[in-house]
Amino acid sequence: MEIIKIILGGLAGTTIMTCFSYLAGMVANSEFGEPALLNQLINRARSVKGETPRGRWIGWVIHYVTGFFFSAGMAWYFHWSDKLPSWLAGILIGGLLGLAGVAGWWMMLKLHKDPPKIDLLPYFSQLIAAHMLFGLGAVMVFQLFPSP
């Protein structure tokens, strides 16, 4: 049951945060969608320019797989700490995951030879908020399927 809970928590959390990121990007008139930005990084890293069919979906796969790992980390924390999944814990853990996300994106953007142009302060600010929503989405699933 735990693996199903982790997968559902990752799906819920990642979907909620991604919707928020795309919405925040629309409001800011910028690209904040993590899958789209990952696809840009992938497409711009190739020696031959242009978008390939793989480049359209690989960002989504990477993004959701990362969400499953984050969800597994949260499930592990709740299991080993004997803490119950709470909304506050979801926000706090999500915020920490957001800081990890900021560090990861900062490194990818700095190390890439042709990164997408992003206004970093608004992007990183919304990224932390998006991860807090991820934490809430995962906690919602964990509360629906409590551990025995």
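**Entry 1: D82 and N29**

I began with D82, which is exposed, with a relative accessible area of 70%. This is a predicted model, so I keep in mind that local features need pLDDT of at least 70. I placed D82 in the loop between α3 (53-81) and α4. Its backbone caught my eye: phi of D82 is near 60°, a positive value in a residue other than glycine.

Which other residue has a positive phi although it is not a glycine? I found N29, with a phi of about 55°. N29 sits in the loop between α1 and α2. I looked up its cover as well, and at 71% relative accessibility N29 counts as exposed.

**Entry 2: salt bridges**

How many salt bridges does the count come to? I get 2.

I took the pair in α1 to start. The side chains of K5 and E2 meet at 3.3 Å, N to O. Both residues belong to helix α1 and stand 3 residues apart, about one turn of the helix.

Is K5 buried or exposed? K5 has 5% relative accessibility, and because buried means under 20%, it counts as buried. Its partner E2 is partly exposed, with a relative accessible area of 31%.

Next I turned to R44 and D114, whose side chains form a salt bridge at 3.9 Å, N to O. R44 is in helix α2 (residues 34-45) and D114 in the loop between α4 and α5, so this pair ties together parts that are 70 residues apart in sequence. I noted R44 as partly exposed, with a relative accessible area of 27%. D114 also counts as partly exposed, at 25% relative accessibility.

**Entry 3: helix packing around α5**

I looked at α5 with two partners, α4 and α1. Helix α4 (residues 87-111) packs with α5 at an angle of about 140°, and their axes are 7 Å apart. Why do I call α4 and α5 oblique? Roughly antiparallel would need an angle over 145 degrees, and the angle here is about 140°, so α4 and α5 are oblique to each other. Their crossing is right-handed.

For α1 and α5 I wrote down an angle of about 150°, with the axes 7 Å apart. That makes α1 roughly antiparallel to α5. The crossing of α1 and α5 is right-handed too.

**Entry 4: the nonpolar patch**

I finished on the surface, friends, with a nonpolar patch of about 870 Å². Its members are I3, I4, I7, L8, L11, I16, W87, M140, L144 and F145. Which elements give two or more residues to the patch? They are α1 (2-28) and α5 (120-144), the pair I had just noted as roughly antiparallel. α1 gives the most, with 6 residues.

I picked out L11 as one of the patch residues. L11 has its place in helix α1, and it is partly exposed, with a relative accessible area of 36%. A patch residue needs over 30% relative accessible area, and L11 at 36% clears that cut-off.

**Entry 5: what I keep from α1**

I came back to helix α1 in several entries. It holds both K5 and E2, packs with α5, and gives 6 residues to the nonpolar patch. Beyond it comes the loop between α1 and α2, where I had placed N29.

Key: Residues numbered from 1 in each chain as written. Predicted model: local features only at pLDDT ≥ 70, side-chain atom pairs only at ≥ 80, totals over all residues. Heavy atoms only, no water. Patch = residues over 30% accessible without salt bridge, like charges linked within 9 Å, V, L, I, M, F, W, Y side chains within 5 Å. Areas by Shrake-Rupley, 256 points an atom, 1.4 Å probe, with all protein chains shown as cover. Salt bridge = Lys/Arg side-chain N within 4 Å of Asp/Glu carboxyl O. Helix = DSSP H or I, 4+ residues; strand = E, 2+ residues; numbered from the N terminus. Buried < 20%, exposed > 50% of the residue type's maximum accessible area, 1.4 Å probe, protein only. Axes fitted to C-alpha atoms, helices over the stretch in contact; angles between N-to-C directions. Parallel < 35°, antiparallel > 145°, perpendicular 65-115°, else oblique. Left-handed = near helix turned anticlockwise from the far one by under 90°.
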